Amino acid sequence: MSDNGRSGLGGMGTGRSAVTATVAFDGFRFLAGGATVLIEGTRIVDVLPAAAGSPDGWEVLSAAAILPGLIDTHVHLVGSGEPDALRVDIDRTAEQRAEVIERSLAQQLAAGVTTVRDLGDTDWAVGERGARPGEPTVLSSGPPITIPGGHCAAMGGTAAGTDQLRAAVAERAERGADIVKIMVSGGAMTAGSNLLALQYSEDDVRLVVDEAHRRGLAVTAHAHSLESVRLCLRAGVDAIEHCSCLTETGVVDPPDLGGALARSEVLVTPTFGRLPELAPSPQAEALSRATGFSLADRFTQVGGFHRAGVRLSAGSDAGIHPAKPHGVLPLSVLELVGCGLPVADALATATGAAAEGIGLAGHGVLRRGARADLLLLDGDPATDPAALLRPDTIILAGTPITAPVSGGSPTPS
């Protein structure tokens, strides 16, 4: 742990630790007066007011602010952030791909992200890798279901027609996927794919939803066009990735759509978050030229979604190109604040609300019995949301890890 004059958890020799801060966010709201979080082993055993102090004999760590570890609900761990990263991955060996996944997870953890949901790997590289000590929790969809020659088809998840779609869902259940992902529209990052075109019919998507639900799996849909978003609502998907509502004339925000999304209780992930100093991907720039798409329109749209009561999560689509490296989720939260979300609501999209939305009980909250994944900051995110960009210490399943000063991988304290 950095030498900052605080009491450290060290090697956690007692197995019991107390983390105290004058600012505390519990996953949904700020706690008046801060909090002291008591950790035993890998679990939170109590959350007390900061003024209550720490029990005798417990190791103590103090910080300016404490909140749950962040949850990125949309990442691609096989993407290492280079231009056209998902296409580049196709040419890697299994060993090379494994190295990229390990590095991607280290970058996520260094930014305070303790849980990720991988929504598209190649040949099951993430889904069949298994959990590793010292890494974030990983949920995985495996290769996304897509049409032959469609968006991300090279990842290995192509299926067309009733029999193949049924078989694709069955395969994901048998391989232990945590969620089923289907590409309902085309995508910008696949050469030759039409982002505005439908890849599947409503009957196709409804079949996938029914088959997945019968096996206890949720379905998330990649959907950029307005037509594809409306189709997803009719078909009953559980979540929508991007939800850009694009047409040939840019982002469209019909007055009825926010209410429809809210009533359906679908989880919407706008996939915000990018390094502002870097240019958008060439694909995004081409889309803007062709349709008049603008981020300003998207921010207005998503702010309207929030006001309508749409469930939002702050997944970033990390790994797909240089402006979206792994660990960019804090910038996604800041962009949601820029959309007009109150800071607490924006933080919830990357903590408690995100965990609820992806069905991950016991994560993303400061609560008795929850997993002890915590993020400690040296500033107050309530008044300075950019404090998220300055992680001080990450606690992963009860183990403290010092955040790197700039770049690199986190190290055990």
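**Notes on a predicted model: helix packing, a pocket and a ring pair**

1. Let's start with helices α5 (residues 226-235) and α6 (residues 257-264): their axes come within 11 Å of each other and cross at roughly 30 degrees. The crossing of these two helices is left-handed. Keep in mind as you read on that this is a predicted model.

2. Who touches whom there? On the α5 side you'll find Leu226, Val229, Arg230 and Leu233, and they meet Leu257, Ala260, Leu261 and Ser264 of α6. Sorted by character, the residues of this α5 and α6 contact come out as six nonpolar, one polar and one charged.

3. Next, have a look at α3 (residues 162-174) and α4 (residues 202-214). These helices pack at an angle of about 35 degrees, and their axes are 9 Å apart. Here α3 passes α4 in a right-handed crossing, whereas α5 and α6 cross in a left-handed way.

4. For the α3 and α4 contact, α3 supplies Thr162, Leu165, Arg166 and Val169, while α4 brings in Asp204, Leu207, Val208, Glu211 and Ala212. That contact divides into five nonpolar residues, one polar and three charged. If you're clicking through the model, Arg166 of α3 and Glu211 of α4 are among the residues to pick out in this contact.

5. Now for the largest pocket, which holds about 640 Å³ of space. It is lined by 36 residues, and the ones closest to its centre are His224, Thr271, Ala284, His321 and Lys324. Those five make a handy starting point for finding the pocket on screen.

6. Where does the lining come from? The elements giving two or more residues are the strands β9 (180-183), β10 (219-225) and β11 (239-247), plus the helices α7 (282-291) and α8 (295-308). Helix α7 gives the largest share, with five residues. As for character, the lining is a mix of 15 nonpolar, 14 polar and seven charged residues.

7. Last, the aromatic rings. The structure holds two aromatic pairs. One of them is Phe272 with Phe299: the ring centres are 5.1 Å apart and the planes stand at 85 degrees, so this pair counts as edge-to-face.

8. What does the pair of Phe272 and Phe299 tie together? Phe272 sits in the loop between β13 (267-269) and α7, and Phe299 belongs to helix α8, so the pair links parts that are 27 residues apart in sequence. Helix α8 has come up already, as one of the elements that give two or more residues to the lining of the largest pocket.

Definitions and conventions: Residues numbered from 1 in each chain as written. Predicted model: local features only at pLDDT ≥ 70, side-chain atom pairs only at ≥ 80, totals over all residues. Heavy atoms only, no water. Axes fitted to C-alpha atoms, helices over the stretch in contact; angles between N-to-C directions. Helix = DSSP H or I, 4+ residues; strand = E, 2+ residues; numbered from the N terminus. Left-handed = near helix turned anticlockwise from the far one by under 90°. Contact = heavy atoms within 4.5 Å. Nonpolar A, V, L, I, M, F, W, Y, C, P; charged D, E, K, R; others polar. 1 Å grid on protein atoms, 1.4 Å probe; cavity = no way out; pocket = protein on both sides within 12 Å on 5 of 7 lines; lining within 4 Å. Points joined across faces, edges and corners; volume = space filled by probe spheres on them. Phe/Tyr/Trp six-rings, centres within 6.5 Å; stacked < 30°, edge-to-face > 60°.
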